[in-house]
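Reader: Please take one part of this structure and examine it closely, namely the arrangement of its strands and of whatever packs against them. I would value a connected account rather than a list.

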Amino acid sequence: MTMSTILKTLTIAGSDSSGGAGLQADLKTFEEYGTYGFSALTTIVTMDPDNGWHHNVYPIDAKLVAEQLKTVFAGGPVDAMKTGMLGSVPIIEVVQKCILENQQKNVVIDPVMVCKGEDEVLNPDSADAIRDLLLPLAAVATPNLFEAGVLSGLGRLTTVGEMKEAAKIIHERGAKNVVIKGGKSLDGDMAVDLLYDGTEFTILETPKIEPAHNHGAGCTFAAAVAGGLANGLSVKEAVAKAKKFVTAAIRSGYQFNEYVGPVFHAGFRLNGE
Ligand code: PXL
């Protein structure tokens, strides 16, 4: 294999020391997609077993994020990238500038606002900055149900009809394609995700998995979309494959402790669909 045939992927995200979500999920997923993963760290998240697994979030200096990105882009643009937890408005501004300056294509914006189980927006200013600065650069935006409610301004979404309304608004805000990761959050037996490309809605449904070891499922899904785009898939193909990939990862997940059950990112390769 010559150097030029290697596909490059990048994540700009936070560290989840528990290994299921964040930058760890992204790099593991990029590897599964046969791509060479780069990373720029934005925040460090710790979870405290002595305090009900409470998440502490420590953003790093935006200047350090800019330096990491300078390193990454010293080899030119990557084949696809994704963003995850960004942690502060100055970091979001650095990411916006980097994407524009490098004319980076195949940008997946995963607008992480909360960790699973915590329902306060981590930082409302960051949510506005993601909406205003990053959605317009997104080939694909991948909000979960909660984030789609915030980005669209519609608040809590409870039906597929409301998901469609939110997807339209997020598309109008500049994301070329929108996938709302309903996942297991809608009532009923199915895990429902919705793709909107500005013209057509595609519903992706699979039966809910019990027990659901799904910590990191959202990050893994978005990283899988980036991995698919890097491999030359269309958005529709990349999203459909990502849904299969993450479903297998949830099915192969495990109970780490009493608080958390992460997905296993190698599930698709090791155990199949
Ligand atoms: O799943 C959202 C998420 C994203 N990024 C990091 C996280 C989490 C949740 O724990 O820790 C770094």
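Author: The angle between a helix and a strand is taken between the N-to-C directions of axes fitted to C-alpha atoms, and runs from 0 to 180 degrees. With that convention, the arrangement can be followed from one edge of the sheet to the other; the model is a predicted one.

The sheet is open and has nine strands, in the order E3-E2-E1-E4-E5-E6-E7-E8-E9, with mixed pairing. Its edges are strand E3 (54-59) and strand E9 (201-207), each of which pairs on one side only.

At the E3 edge, E3 and E2 run antiparallel and are joined by six bridges. One of the bridge partnerships sets Met 47 against His 55 in E3. The two strands make a hairpin with five residues between them, and Gly 52 in the turn has a positive phi of about 60°. On its way inward, E2 pairs with E1 in the parallel sense over eight bridges; here Thr 9 has Gly 37 in E2 as its bridge partner. Further along the order, strand E4 (residues 80-83) and strand E5 (residues 107-109) run parallel and are joined by three bridges, with Met 81 opposite Val 107 in E5.

Two helices that lie across strands may be compared through their angles. Helix H2 (residues 62-72) lies across strand E1 (8-16) and strand E2 (36-48), and runs at about 155° to E2. Helix H8 (residues 235-251) lies across strand E6 (140-141), strand E7 (177-181), strand E8 (190-196) and E9, and its angle to E9 is about 15°.

Packing around H2 leads into the largest nonpolar core. This core has 43 residues, and Leu 10, Ile 12, Leu 69 and Ile 180 have the most contacts inside it. Helix H3 (residues 89-101) supplies the largest share, six residues. Leu 69 falls within the span of H2; apart from residues up to four places away in sequence, Leu 69 touches Leu 10, Ile 12, Ala 40, Val 94 and Cys 98. A second core, separate from this one, has 28 residues, including Tyr 33, Ala 139, Val 140 and Ala 238.

A charged residue can also be found in a buried position. Asp 26, in helix H1 (residues 22-32), counts as buried because its relative accessible area is 0%, and the cut-off for burial is under 20%. Beyond four places in sequence, Asp 26 is in contact with Thr 11, Ala 13, Lys 82, Cys 219 and Ala 223.

On the H8 side, Ala 191 is found in strand E8 and counts as buried because its relative accessible area is 11%. Its contacts beyond four places in sequence are Gly 183, Lys 184, Leu 204, Glu 205, Thr 206, Pro 207, Lys 208 and Lys 243. Pro 136 is 55 residues from Ala 191 in sequence, and their C-alpha atoms are 28 Å apart. The loop between helix H7 (217-230) and H8 holds Leu 233, which counts as partly exposed because its relative accessibility is 26%. Leu 233 touches Gly 228, Ala 238 and Lys 241, again leaving out residues up to four places away in sequence.

Aromatic rings add links between distant parts of the chain. The structure holds six aromatic pairs. In one of them, the ring centres of Tyr 33 and Phe 245 are 5.2 Å apart and the planes meet at 55°, so the pair is tilted. Tyr 33 lies in the loop between H1 and E2 and Phe 245 in helix H8, 212 residues apart; both residues are buried. Together with Phe 268, Tyr 33 and Phe 245 form one aromatic cluster.

The pair of Trp 53 and Tyr 259 is stacked, at 5.6 Å centre to centre and 10° between the planes. Trp 53 is in the loop between E2 and E3, and Tyr 259 in the loop between H8 and helix H9 (267-271), so this pair ties together parts 206 residues apart in sequence. Trp 53 is buried because its relative accessible area is 12%, whereas Tyr 259 is partly exposed, at 34% relative accessibility.

At the other edge strand, the charged end of Lys 164 sits over the ring of Phe 201, 5.2 Å from its centre.

Terms used:
Residues numbered from 1 in each chain as written. Predicted model: local features only at pLDDT ≥ 70, side-chain atom pairs only at ≥ 80, totals over all residues. Heavy atoms only, no water. Pairing = 2+ DSSP bridges. Helix = DSSP H or I, 4+ residues; strand = E, 2+ residues; numbered from the N terminus. Contact = heavy atoms within 4.5 Å. Core = buried A, V, L, I, M, F, W, Y, C linked by side-chain atoms within 4.5 Å. Buried < 20%, exposed > 50% of the residue type's maximum accessible area, 1.4 Å probe, protein only. Phe/Tyr/Trp six-rings, centres within 6.5 Å; stacked < 30°, edge-to-face > 60°. Lys NZ or Arg CZ within 6 Å of the ring centre and 35° of its normal.
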